[in-house]
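Work through the exercises below with the sequence and the model side by side. Try each task before reading its solution.

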Amino acid sequence: MTPRERSVAALEGKIPDRVPCVPLIDTSYAAAVAGMPVSECFINPEAYAHALTATLDRHPDIDGLSINIGLSDEVIEDCVKKDGAYRIRTTGGLTWMVPENDIGSIEACDITSTDDPRIATDEYLMRACLRTLRAIPERIRRNYLINTTVTGPYSQVAFLLGVNQLMLATIDDPDGLESAIRQRVPFALRWVEELAALDPACVWIGEGFASNSLVSAETYRRFVMPYERQVVEKIHSIGKTSLLHICGRLNESLESTVETGADGIEIDWQVDVADAKQRVGREITLKGNLNTGDIIRLSPDAIYQRTREVIAQGRAGGRFILSSGCCLGRDTPPDRVDAMVRACEDFGAY
Ligand SMILES: [Zn+2]
């Protein structure tokens, strides 16, 4: 099986030749492997594609990696570089702070209300993601699982409003918030449509803001799950698999993630694999869950053993992909990834 076939089989609930090894490699680790500043990958899609390709040259035996969000010149209205860091204004009234060697985060949001018209009009993340995938050579796209992000409707609103405003709105302005989220659904669906032309192995639905570390099970069910389900239906309509990314705690919402219809869910280290396997493991593929901090701190031998344990908890009956719980840090030594791959090869066979 090719790495892509192996991974897609696991997502579809078939039994591959062994457990796929897809550590969550995106912007930071790829930039480090390519010897580039992380900021360059965050604001330049073609540079990001180059870094991801270099990472697959260094780790040809992993089964895939991920294209996470970034910015592109189509959405940048203003960019100032000072002391190595970029301050960037984009459509959607967003001001991003991008340190030289880190991914960007939002410093300020102009939008202060759920009825701001820009919620219905402003695209700000899709282009970078499409351009990154397009710039990865086709032979690589055909061979590996390239999880390509579509930011979920709830998380799109989270970026536009800022997390504080978003979380207050779940209490103060729930109807307005629902309306805002509903207005972002067509953006997510169009994003999926545009990805379809590039034959992605898997569409990766980014909903980091929907973690139980931030929201209750009730909030997830009301403001996240129904809209994720629409995105998943669209992904299935183009014949592709879907993978949800919700890092941090997820213990209270596991069953609700199954109701989205997603093929897979990435679980972070706070979720117990054996427990998740027992609760939802027949209905959704689990992808996880080595602690990214441990991956930096522990020795390759310890990572090898830890990977073996996680495989033993997740493998039964298929529907399991070995991964880190969240995105690998820039400072992750590459031999830790090698140890994860070796353990999958040694203990991942069915
Ligand atoms: Zn995450």
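Two residues are in contact, or touch, if their C-beta atoms, placed from the backbone, lie within 7 Å. This is a predicted model: local features need pLDDT of at least 70, side-chain atom pairs count only at pLDDT 80 or more, and totals for chains, interfaces and linings use all residues. Residues are numbered from 1 along each chain as its sequence is written. Helices (H or I, at least four residues) and strands (E, at least two) are DSSP runs, numbered from the N terminus.

**Exercise 1. Ala51 and the core**

Task: find which residues Ala51 touches, not counting residues up to four places away in sequence.

Solution. Start at Ala51. Its contacts beyond that range are Ala30, Ala31, Val33, Ala34, Met36 and Cys41. Next, place Ala51 in the nonpolar core. Such a core is a set of buried Ala, Val, Leu, Ile, Met, Phe, Trp, Tyr and Cys residues joined through C-beta atoms within 7 Å. A residue is buried if 20 or more other C-beta atoms lie within 10 Å of its own, exposed if 12 or fewer, and partly exposed in between. The largest nonpolar core has 113 residues. Ala30, Ala51, Tyr154 and Met340 touch the most other members.

**Exercise 2. Two crossing helices**

Task: describe how the axes of H2 and H4 cross.

Solution. Axes are lines fitted to C-alpha atoms, for helices over the stretch in contact, and angles run from 0 to 180 degrees between N-to-C directions. Helix H2 covers residues 27-34 and helix H4 covers residues 45-58. Their axes come within 8 Å and cross at roughly 70 degrees. That makes H2 roughly perpendicular to H4. The classes are: under 35 degrees roughly parallel, over 145 roughly antiparallel, 65 to 115 roughly perpendicular, the rest oblique.

Now list the contact. H2 supplies Thr27, Tyr29, Ala30, Ala31, Val33 and Ala34. H4 supplies Tyr48, His50, Ala51, Leu52, Ala54, Thr55 and Arg58. By class, the contact has 9 nonpolar, 3 polar and 1 charged residues. Here Ala, Val, Leu, Ile, Met, Phe, Trp, Tyr, Cys and Pro count as nonpolar, Asp, Glu, Lys and Arg as charged, and the others, Gly among them, as polar.

**Exercise 3. The parallel sheet**

Task: trace the order of the 7 strands and find the edges.

Solution. Two strands pair if DSSP finds at least two bridges between them. The open sheet runs E1-E6-E7-E8-E9-E10-E11, with parallel pairing. Strands E1 (64-67) and E11 (320-324) stand at the edges. Each has a single partner strand, so one side of each lacks a neighbour in the sheet. The twist averages 25 degrees from one strand to the next.

Then look at E10, residues 285-290. Strand E9 (residues 264-267) pairs with E10 over 4 bridges. Ile265 stands opposite Leu286 there. On to E11: 5 bridges join E10 to E11. Leu290 stands opposite Ser324. Finally, 6 of the 6 residues of E10 are buried, so E10 is largely enclosed by the rest of the structure.

**Exercise 4. The antiparallel sheet**

Task: trace the order of the 4 strands and locate the hairpin of E4 and E5.

Solution. The order is E2-E3-E4-E5 in an open sheet, with antiparallel pairing. E2 (76-82) and E5 (105-109) are the edge strands. Neighbouring strands are turned by 20 degrees against each other on average, direction ignored. E3 (residues 85-90) joins E4 (residues 94-98) by 5 bridges. Arg87 has Met97 as its bridge partner in E4. E4 then pairs with E5 over 4 bridges. Thr95 stands opposite Ala108 in E5. E4 and E5 form a hairpin with 6 residues between them.

**Exercise 5. Buried or partly exposed?**

Task: classify Gln270 and Arg6.

Solution. Gln270 lies in the loop between E9 and helix H13 (273-280). It has 17 C-beta neighbours inside 10 Å, so Gln270 counts as partly exposed. Leaving aside neighbours within four places in sequence, Gln270 is in contact with Gly248 and Arg249.

Arg6 sits in helix H1 (residues 3-11). It has 23 C-beta neighbours inside 10 Å, so Arg6 counts as buried. Not counting residues up to four places away, Arg6 touches Met1, Pro16, Asp17, Pro20 and Asp63. Arg6 and Asp17 are 11 residues apart in sequence and 6.9 Å apart in space, C-alpha to C-alpha.
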